[in-house]
Amino acid sequence: MRLHVADHPLVAHKLAVLRDADTASPTFRQLVDELVTLLAYEATRHVRTRDVQVVTPVATTSGVKLANPSPIVVPILRAGLGMLEGMTRLLPTAEVGFLGLQRDEETLEAITYANRLPDDLTGRQCFLLDPMLATGNTLVASIDYLLQRGARDVTAVCLIAAPEGIRVVEQFVGDRADVQVVVAAVDERLNEKAYIVPGLGDAGDRLYGIV
């Protein structure tokens, strides 16, 4: 597994505003969208392309287009939905699948309640979206879904991560696949409730309110 921490002043600025407990939901949603677009530049650095010839108004030149099969973007419900538009802004031709996972607050294990993915992901570059990499259990379960369907190239885009969660994902992935995790920051630790410290609170609640 490869970890990439986006080192950019705009990423740091937007993340600082996201962390602020006084940032209201509309501003929070907008900032998540903007921040994910910045992270998407890093996440798609090695997206597959094919060579093409392009006729400009002046001459013919060589260029590249995204290769087939097209990438697939998979937000993890519900908080990952807040990251979808920011990602597809850079990958408008990507397909979109959905995974619904919820953390059991007693066991901290991920429980799957929804799955809309192709049965065969062989040869597809997959991009998972989840704001928080805390215990790592949700991301591990999501990566496992993709690997079971034949994916071998997976990039997870998260806003922040805890060291404990990163270690869990590293141990799970091993050398089974090419997995990259792109984050805006790695925070200090998890607290006794498995929340990231200093973190930014519950991303789903801050995006959509408490339901």
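Reader: Does A203 count as buried or exposed?
Author: This is a predicted model, in which local features need pLDDT of at least 70 and side-chain atom pairs count only at pLDDT 80 or more, whereas totals for chains, interfaces and linings use all residues. Residues are numbered from 1 along each chain as its sequence is written, and side-chain values use heavy atoms, with hydrogens and water left out. Burial is judged by relative accessible area with a 1.4 Å probe on protein chains only, where under 20% is buried, over 50% is exposed and anything in between is partly exposed. With a relative accessibility of 4%, A203 therefore counts as buried.

Reader: In which helix is A203 found?
Author: Helices (H or I, at least four residues) and strands (E, at least two) are DSSP runs numbered from the N terminus. Setting aside residues up to four places away in sequence, A203 touches F28, A79, P131 and M132, contact being heavy atoms within 4.5 Å. The element in which A203 is found is helix 6.

Reader: Which residue has its backbone nitrogen 3.0 Å from a polar atom of the side chain of D202?
Author: D202 belongs to the loop between strand 13 (196-197) and helix 6 (203-208), and its relative accessibility of 32% is why it counts as partly exposed. The unreviewed UniProt entry annotates I196, G201, D202 and A203 as "binding site", although such annotations, given in the numbering used here with shortened feature names, may be inferred rather than shown by experiment. The backbone nitrogen that lies 3.0 Å from a polar atom of the D202 side chain is that of G204.

Reader: How many residues does helix 2 give to the largest nonpolar core?
Author: A nonpolar core is a set of buried Ala, Val, Leu, Ile, Met, Phe, Trp, Tyr and Cys residues joined through side-chain atoms within 4.5 Å. The largest one has 35 residues, with L18 and M87 making the most contacts inside it. Elements giving two or more residues to this core include helix 1 (9-19), helix 2 (25-43) and helix 3 (81-88). Helix 2 gives the most, and its share is eight residues.

Reader: How far apart are the end C-alpha atoms of helix 2?
Author: The buried residues of helix 2 include F28, L31, V32 and L35, and these four are also among the contacts of L18, neighbours within four places in sequence being left aside. The cover over the buried residues of helix 2 includes helix 1, helix 3, strand 8, strand 10, strand 11 and helix 6. The expected span of a helix is 1.5 Å times one less than its number of residues. For the 19 residues of helix 2 this gives 27 Å, which agrees with the end C-alpha separation of 26 Å.

Reader: How many of the 12 residues of helix 4 are buried?
Author: For helix 4 (residues 137-148) the expected span is 16 Å, in agreement with end C-alpha atoms 16 Å apart. Its buried residues include N137, T138, L146 and L147, and just after this helix G150 takes a positive phi of about 100°. Helix 4 is mostly covered, the number of its buried residues being nine.

Reader: Which residue of strand 3 stands opposite R50?
Author: Strand 2 (residues 49-55) and strand 3 (residues 60-66) pair in the antiparallel sense over seven bridges, where pairing requires that DSSP finds at least two bridges between the strands. The two are joined by a hairpin through four residues. Opposite R50, in strand 3, stands K65.

Notes:
A polar contact is a pair of N or O atoms within 3.5 Å; within protein, one must be able to donate a hydrogen and the other to accept it, and residues adjacent in sequence count only if both atoms are side-chain atoms.
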